[in-house]
Amino acid sequence: MEVHIENNALGEQEMPVIAEKCGKKYFLETYGCQMNFSDSEIVTSILDEKGFSSTSLEAEADIILMNTCAIRENAEQRVRQRLTEFRELKRQNPSLIVGVMGCMAERLKEKLMEEEDLVDIVVGPDAYRNIPKLIEEVEGGQKAINVLLSREETYADINPVRLGGNGVTAFISIARGCDNMCSFCVVPFTRGRERSRDVETIVKEARLLFEKGYREVTLLGQNVDSYLWYGGGLKKDIDKATEEQKKGAVTFAGLLEQVASIDPLLRVRFSTSNPQDMTDEVLHVMARHENICRCIHLPMQSGSSRVLKVMNRGYDREKYIERINAIRTILPGCTITADIIAGFCSETEEDHQETLSMIDFVRYDLAYSFKYSERPGTTAARKYKDDVPEETKGRRLQEIIDLLRKMCYESNVKDIGKTFRVLTEGISKRSAEEIYGRNSQNKVVVFPKKDLKPGEYVNVKVSKCTSGTLIGEIIEN
Ligand code: SAH
Ligand code: F3S
């Protein structure tokens, strides 16, 4: 038996409701981006509410769920590999239910059940409330699928169960879907139209986390700068809103201000910013609140204006440089990170050199780089030829990685001798005598543990570094 509190629509507590455990165990495995991890916390909440219990042992599970990613071909291959491993478990236990959720489920729909004949449930990112029902259908002897995308669903009322966490940092989804239609990207197809979540529920979730002892929240959206809450509905339908709704609309700058104002001890991060939408107003809000972390993830994708146009990114090289300069001016000391794609359709050697020169100009503190991977259904797959030979893609990617590694190391070397306010997160994997945390710039800092616990702020002076970590000593606060 389990006691839990149900919230009514006004968020007030009703009498405790006694929910019977249904005795069934589920094993949930998550792949892909932070948004997927956040979604898994929502799904856990939905299943726990229905009396299921989670297990970390796949062999003792009645239900195996995989939250999947479709962003690149190799992400899907990993999931397929894992599914073949589950086949063995299913042989031993024929009543085992295997479900695929997330972007790969949405992209492949019923094809997934045909291709991978052990999949019983296919459920897309907007249909997670339906999972208990889908499980029931499978128990009744059918395969079950729900891949409907929604114009409203933001799971705003669901209080996510924090998974595998350190009790210090947490993700909060602020928007779902994406309307940008970058030509290479499958996300608009797998996650649907862009919709913002009710500002009040976001602030409430952040405040609750702070009260429980959390000290950092990361606000998540595919394009946070495009956040707009005006009382519901799709971002693109703002024209249909009433005058009153328009007047009360909250932008990302407004949301950030509200979350940052909860408490100066609550750090606020966000991801992902988009160069075409990131406003100076957001940068000024950051400058006003020290607890909004000095780190901006600003995907570049390519340094060539011609390629950016083919990518339909909505900005060119000049605009990207202008945004970098705005960050440098308004937020000195802010780290900048990025995503970069190597070998997109029609990319020439000159285009590639422009990417390298942009890396050199920005001097990224960290960046993720990928080989272009054609995704069925996207504009690029339909209209452009994936014409950069594999070998060339590989070589260009390596050049990007080598340059980035050098930049990241140099960025860390520059921090030697500086003192940072660090929020502790956990004991170092290398030694029980050491604790790690991150500074506002999102760099990992390792230092002697002494009697510190996760969730505390300390000043650390950096004495050494590697390309991924700063190493230091605590100094008097
Ligand atoms: N919304 C974010 C991130 C989307 S996906 C944004 O604005 O960029 C994360 C990253 O995966 C992207 O930034 C891009 O660099 C990479 N990516 C997306 N589709 C890709 C593809 N088809 N091939 C290679 N990399 C891709
Ligand atoms: Fe994808 Fe571009 Fe949106 S990279 S998630 S379509 S901003």
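Which side chains does a polar contact of 3.1 Å join? In this predicted model, where local features need pLDDT of at least 70, side-chain atom pairs count only at pLDDT 80 or more, and totals for chains, interfaces and linings use all residues, side-chain values rest on heavy atoms, with hydrogens and water left out. Residues are numbered from 1 along each chain as its sequence is written, while chains are lettered from A and ligands numbered from 1 in the order in which they are written.

**View 1. Surroundings of Arg 438 in strand β20 (residues 434-439).** The side chains of Arg 438 and Glu 216 are joined by a polar contact of 3.1 Å. A polar contact is a pair of N or O atoms within 3.5 Å; within protein, one must be able to donate a hydrogen and the other to accept it, and residues adjacent in sequence count only if both atoms are side-chain atoms. Arg 438 is buried, its relative accessible area being 16%; buried stands for under 20%, exposed for over 50% and partly exposed for values in between (1.4 Å probe, protein chains only). Beyond its neighbours within four places in sequence, Arg 438 has contacts (heavy atoms within 4.5 Å) that include Thr 169, Arg 267, Arg 269 and Glu 425. The C-alpha atoms of Arg 438 and Tyr 457 are 9.9 Å apart, with their positions 19 residues apart along the chain. Strands (E, at least two residues) and helices (H or I, at least four) are DSSP runs numbered from the N terminus.

**View 2. Arg 317 in helix α12 (residues 317-330).** The side chain of Arg 317 reaches the backbone oxygen of Glu 354 at 2.9 Å. Arg 317 counts as buried because its relative accessibility is 14%. Not counting residues up to four places away in sequence, Arg 317 touches Gly 303, Ser 305, Leu 308, Glu 354, Ser 357 and Met 358.

**View 3. The residues around ligand 2.** The shell, made of residues with a heavy atom within 4 Å of the ligand, includes Cys 178, Met 181, Phe 184, Gln 222, Asn 274 and Arg 313. By class, the shell has seven nonpolar, three polar and one charged residues. Here Ala, Val, Leu, Ile, Met, Phe, Trp, Tyr, Cys and Pro count as nonpolar, Asp, Glu, Lys and Arg as charged, and the others, Gly among them, as polar.

**View 4. Aromatic ring pairs, of which the count is five.** Rings of Phe, Tyr and Trp (its six-membered ring) pair if their centres lie within 6.5 Å; planes under 30 degrees apart are stacked, over 60 edge-to-face, and the rest tilted. The rings of Tyr 128 and Tyr 155 are stacked, because their centres are 6.1 Å apart and their planes at 15°. Tyr 128 is buried at 0% relative accessible area, and Tyr 155 is buried at 1%. The pair of Phe 184 and Phe 344 is edge-to-face, with centres 6.1 Å apart and planes at 80°. This pair ties together parts that are 160 residues apart in sequence. Phe 184 and Phe 344 are buried, and ring pairs link them with Tyr 372 into a cluster.

**View 5. Cys 33 and Cys 69, with sulfurs 6.4 Å apart.** The whole structure has zero disulfides (cysteine sulfur atoms within 2.5 Å). The closest cysteine sulfur to that of Cys 33 is in Cys 69, too far for a bond. Cys 33 is partly exposed at 37% relative accessibility, whereas Cys 69 is buried at 13%.
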